Each structure stands twice: as structure tokens, then as C-alpha cells.
Amino acid sequence: MYEFRFHGRGGQGGRMAAEALALAAFLEGKYAVSFPFFGAERRGAPVRAFTRIDDKKIRTKTQIYEPDAVIVLDESLLETEDVLEGLKDDGVIIINTQRKPEEIELSREVRCATVDATSIALDVLGKAITNTAILGAIAKATGEVGIDSIEKAIIEKFGARLGKEAGEKNAKAARVAYESTVVGKSKGGKQFEPKPQWLPTVDELPLGGSIGTMETYAGLVGIGSFIENKTGGWRVFMPVVNDDKCIGCKICWFYCPEAAIKMVDKGAKTKKAVINYDYCKGCGICANECPTKAISMEREVKA
Ligand code: SF4
Ligand code: SF4
């Protein structure tokens, strides 16, 4: 299996590049999948996309954490995040930049390919859209897919969307990039400040809201809803926890969409799940997920 992770910004076409790469591999008779990572995505925000290629069926569905190749569509991302995170020791990074590999400073020294995809795109397409040019650099730097397949995939994928002429121009951009990609080694040693993260424990989260509460002009807001909106009123079946079977694994707490479960110390070896019926809407997810079947859904009798 060979895994690619694309780093770009919203609107730069990283997802389309990942899909075209998968199509190129498919045209060579391989199995391939591609998918984007949707965060709080908007134009200009850092985004990721992934492609997996293999000679056999691909069953892995996760994001790619230990890629063989990292592709950086926007050089400015090198300053803000360690794009090498998880890259295999024999992996390669491919960067859209005017600089040579030995001029690039990264967190460690790695095999590095550089290409001025922006200038190529401007010359060939008349627009700074680099997602097809970078595909040529990927073919050159990894050898995992041939440039002929990349061109065919671009014509098929981009041609279908933008028209035949535009598809052919994009394929040309990839070919020019293939021919001008320089492969070498980066510099290492760049330091990144660890980003502060708030990872609350079970006990820090308030009932009925995993992000605390906030006063707004419309009232108190909690977990994507109003605290005053007591979703317990929607319930037809109610989850009932059997403390003897509850092993305190917190799976129900994790899955509950209303954050209506709290882990409470009842003097046993582990904490026990306790339902807040003001917010529990009776969806039954907790009962489905509980590995010990400690939660049963019982018909609610309204007083
Ligand atoms: S999933 Fe089941 S066993 Fe785990 S904490 Fe919840 S009720 Fe207990
Ligand atoms: S039934 Fe649904 S809303 Fe109620 S505690 Fe279980 S997962 Fe949460």
C-alpha cells in the first residue's frame, strides 16, 4: 500500500488532485481510494486530502497518519504546521515552491521534491490553480503512477468538468511539472511550537453540554442547542443502566449526541454511567454501543 497526504488550503483543489491521482492508479489496474478531510472548511483554511493505492483491495478507512508521500500545495503551510508529521523515514515530500529542495527547512531532513507549480499553472492555464501541475511532480518523485496515466486521468476528470480543451491544458501543466521537478533533500531542524489544546476529561464536561454554557442574546447555549431546550421531552423509550453490568468504559458517554451521560463515582471499582433524563432524547445509541449490554431501552410511562 502506498499512501499520499495532501496539504492545501480550501479552494486550491487538493481534493480534486487526490481524486485524479486515484483515477490515474486505477487506469493502471491498481486499487485506489481518495477522500478529503472536512474540518471547519472554508476558502483559505488549511485542508487535507488523502489517496491510497494498492495492488489489492483497500479496506482501511481511516485518515492517513503515516504517509509515504506528503504533498504541499501551499508553501505557507510549511511555516504553520509540521507537515512531516508521521511521514515514513523513506518517504518523500513534494512541495509547490520556487525554492530548491536543499533550501527548504523542515523538522527533519527528508527526501524532498520541489516544483514551481504556481508559475507553471500561470503559464499553461493562465490561472494559479496548481492541483494538476502538482500531479506531474508526484509522478516524478514517487514513481507510483506514470505521467501518461496522470495525463489521462486529468483529461478524464477535469475534462468532464471543465471541457476537453481545459482538460488537455491541465494535462499539459502536469507534464511540464513532471519535467521540471527537482528531487533532492531538505534541511532538517525546524522547530514548531506545540499548539495548546483543550482536551477535557469526562468530569470537566457539564451535563447537557460538552462545551460549557454561554450567554447569548437568545438565551443560554450549550452543546449546539439551548440549555433550556430540554430534549428529554422527545423521549419514547428511556435508557436504563444496570450498574452491575456497567464496567465504566465510557463508550456510552462518548457516543451520546446530547452529552446526557455522566460518569459518577458510586463507590465501586469504576465509575458508573448515569443518564440525565432532562436531556436524554431516547435515541438508544448508548444501548447499541454498550459492550456489556448494561443499558436497556424501556418504554417510558409518562406521568
Ligand atoms: S457503555 Fe455500558 S459499560 Fe460502558 S460506561 Fe456505558 S453503560 Fe457502562
Ligand atoms: S438514549 Fe441517546 S440521548 Fe439518551 S443517553 Fe442514550 S445516547 Fe444519550
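These are my notebook entries on a predicted model, covering the chain as a whole, one pair of helices and the surroundings of ligand 1.

**Entry 1, the chain.** I began with the secondary structure and found eight helices and 13 strands in the chain. I then looked up burial, and of the 303 residues in the chain 39% are buried. For the contacts I took those with a separation of 6 or more, and 62% of them join residues that stand 24 or more positions apart.

**Entry 2, helix 3 and helix 6.** I turned next to helix 3, which spans residues 117-125, and helix 6, which spans residues 164-180, and noted that their axes come within 9 Å and cross at roughly 140°. Helix 3 is therefore oblique to helix 6, since an angle has to be over 145 degrees to count as roughly antiparallel. The crossing in which helix 3 passes helix 6 is right-handed. On the side of helix 3, I listed Ala-117, Ile-120, Ala-121, Val-124 and Leu-125 as the residues that make the contact, and on the side of helix 6 they are Lys-169, Asn-170, Lys-172, Ala-173, Val-176 and Ala-177. Sorted by class, this contact of helix 3 with helix 6 consists of eight nonpolar residues, one polar residue and two charged residues.

**Entry 3, ligand 1.** Which residues are the closest to ligand 1? I found 13 residues surrounding ligand 1, and the closest are Cys-246, Cys-249, Cys-252, Ala-273 and Cys-290. When I sorted the shell around ligand 1 by class, I counted ten nonpolar, two polar and one charged residues.

Key:
Residues are numbered from 1 along each chain as its sequence is written. Chains are lettered from A and ligands numbered from 1 in the order in which they are written. This is a predicted model: local features need pLDDT of at least 70, side-chain atom pairs count only at pLDDT 80 or more; totals for chains, interfaces and linings use all residues. Axes are lines fitted to C-alpha atoms, for helices over the stretch in contact, and angles run from 0 to 180 degrees between N-to-C directions. Helices (H or I, at least four residues) and strands (E, at least two) are DSSP runs, numbered from the N terminus. Angles under 35 degrees count as roughly parallel, over 145 as roughly antiparallel, 65 to 115 as roughly perpendicular and the rest as oblique. A crossing is left-handed if the near helix is turned anticlockwise from the far one by less than a right angle, and right-handed if clockwise. Two residues are in contact if their C-beta atoms, placed from the backbone, lie within 7 Å. Ala, Val, Leu, Ile, Met, Phe, Trp, Tyr, Cys and Pro count as nonpolar, Asp, Glu, Lys and Arg as charged, and the others, Gly among them, as polar. A residue is near a molecule or strand if its C-beta atom, placed from the backbone, lies within 6 Å of it. A residue is buried if 20 or more other C-beta atoms lie within 10 Å of its own, exposed if 12 or fewer, and partly exposed in between; C-beta atoms are placed from the backbone.
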